[in-house]
Amino acid sequence: MGDVGCFVTSIAILISKAGISTTLGSDFNPGSFATFLVNNGAFSSDGSLSSFASMTKLISKFSVTTDGNASASNIQNYINQGKYVQIRLKKPNGGTHFVAVDYVDGNDVHISDPGSQCDVLNNCYQGSIWSELRVYTLG
């Protein structure tokens, strides 16, 4: 999977959070999700996730949009609409990291982070830029 483990894992977290059933049944977890994506041609030859086309083979409803307004209030608006949000972070070293949003409390964005034990984004990744939201409709 190259360097996209946090990307795939945070999507798996959001699918689990949505409480929807998948074609993988009770075996759904980040590993089985990654295997599903490999088996359905979702990764390019360099290991990056290149296609979401197979997602409707896993869950009945799937769509994703991006939004450059990564503010806490905008995230809350999406949550209020029943959407699931992933944040793309640009790290000071030039790297990218993805986290799944759990909820917003005021200006604090609570997350599930595949790369750390951090649970409040505002307290983590000092110097990182919240560069983009990935907003998922799942069902």
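The exercises below work through one predicted model, each with a task and a step-by-step solution.

Residues are numbered from 1 along each chain as its sequence is written, and side-chain values use heavy atoms, with hydrogens and water left out. Because the model is predicted, local features need pLDDT of at least 70 and side-chain atom pairs count only at pLDDT 80 or more, whereas totals for chains, interfaces and linings use all residues.

**Exercise 1. Confidence**

Task: Find the mean pLDDT of the chain, and state where confidence is lowest and where it is highest.

Solution: Begin with the term itself, since pLDDT is the predictor's confidence in each residue, from 0 to 100. The chain has a mean pLDDT of 90, and 97% of its residues reach 70 or more. Next come the elements, where helices (H or I, at least four residues) and strands (E, at least two) are DSSP runs, numbered from the N terminus. Confidence is lowest in β5, at a mean of 92, and highest in helix α3 (residues 72-80), at 97. As a general caution, predicted coordinates should not be read in detail where pLDDT is low.

**Exercise 2. The cysteines**

Task: Determine which cysteines are joined by a disulfide, and decide whether C118 is buried or exposed.

Solution: A disulfide is a pair of cysteine sulfur atoms within 2.5 Å, and the structure holds 1 such link. This disulfide joins C118 to C124, with an S to S distance of 1.3 Å. The link of C118 and C124 is right-handed, with 70° about the S-S bond. C6, by contrast, is in no disulfide, and the nearest cysteine sulfur, that of C118, is 14 Å away.

For accessibility, buried means under 20% relative accessible area, exposed over 50%, and partly exposed in between (1.4 Å probe, protein chains only). C118 has a relative accessible area of 14%, and therefore it is buried; C6 also counts as buried because its relative accessibility is 13%. C118 lies in the loop between β4 and β5. Contact here means heavy atoms within 4.5 Å, and, leaving aside neighbours within four places in sequence, C118 is in contact with I111, D113 and C124.

**Exercise 3. The nonpolar cores**

Task: Identify which residues of the largest nonpolar core touch the most other members, and which element supplies the largest share of this core.

Solution: A nonpolar core is a set of buried Ala, Val, Leu, Ile, Met, Phe, Trp, Tyr and Cys residues joined through side-chain atoms within 4.5 Å. The largest core has 25 residues, of which I15, F33, L37, L49, L58, Y136 and L138 touch the most other members. At least two residues of this core come from each of α1 (5-18), α2 (30-39), β3 (96-105) and β5 (129-138). The largest share, 8 residues, comes from α1.

To see one of these residues in its surroundings, take F33: apart from its neighbours within four places in sequence, F33 is in contact with V8, I11, A12, I15, L24, F28, M55 and L58. A second, separate core of 17 residues includes I75, V99, V109 and I111.

**Exercise 4. The two faces of α3**

Task: Explain why the buried residues of α3 lie on the same side of this helix.

Solution: List the residues first: A72, N74, I75 and Y78 are buried in α3. They cover an arc of only 165° around the axis, so they lie on the same side of α3; the arc is that of the directions from the helix axis to the C-beta atoms. The face turned away from this buried side carries the exposed residues S73 and N80. On the buried side, the residues of α3 pack against β1 (62-67), β2 (84-90), β3, β4 (108-112) and β5. After α3 comes G82, whose phi is positive, near 80°.

**Exercise 5. A charged pair and a strand residue**

Task: Name the residues that form the salt bridge, and list what V101 touches.

Solution: A salt bridge is a side-chain nitrogen of Lys or Arg within 4 Å of a carboxyl oxygen of Asp or Glu, and a search of the whole structure finds 1. The partners are E132 and R134, whose closest N and O atoms are 2.7 Å apart, and both E132 and R134 are buried.

V101 is in strand β3, and V101 counts as buried because its relative accessible area is 2%. Not counting residues up to four places away in sequence, V101 touches L14, K17, I75, I79, V85, I87, V109, H110 and I111. V101 and S10 are 91 residues apart in sequence, while their C-alpha atoms are 8.7 Å apart in space.
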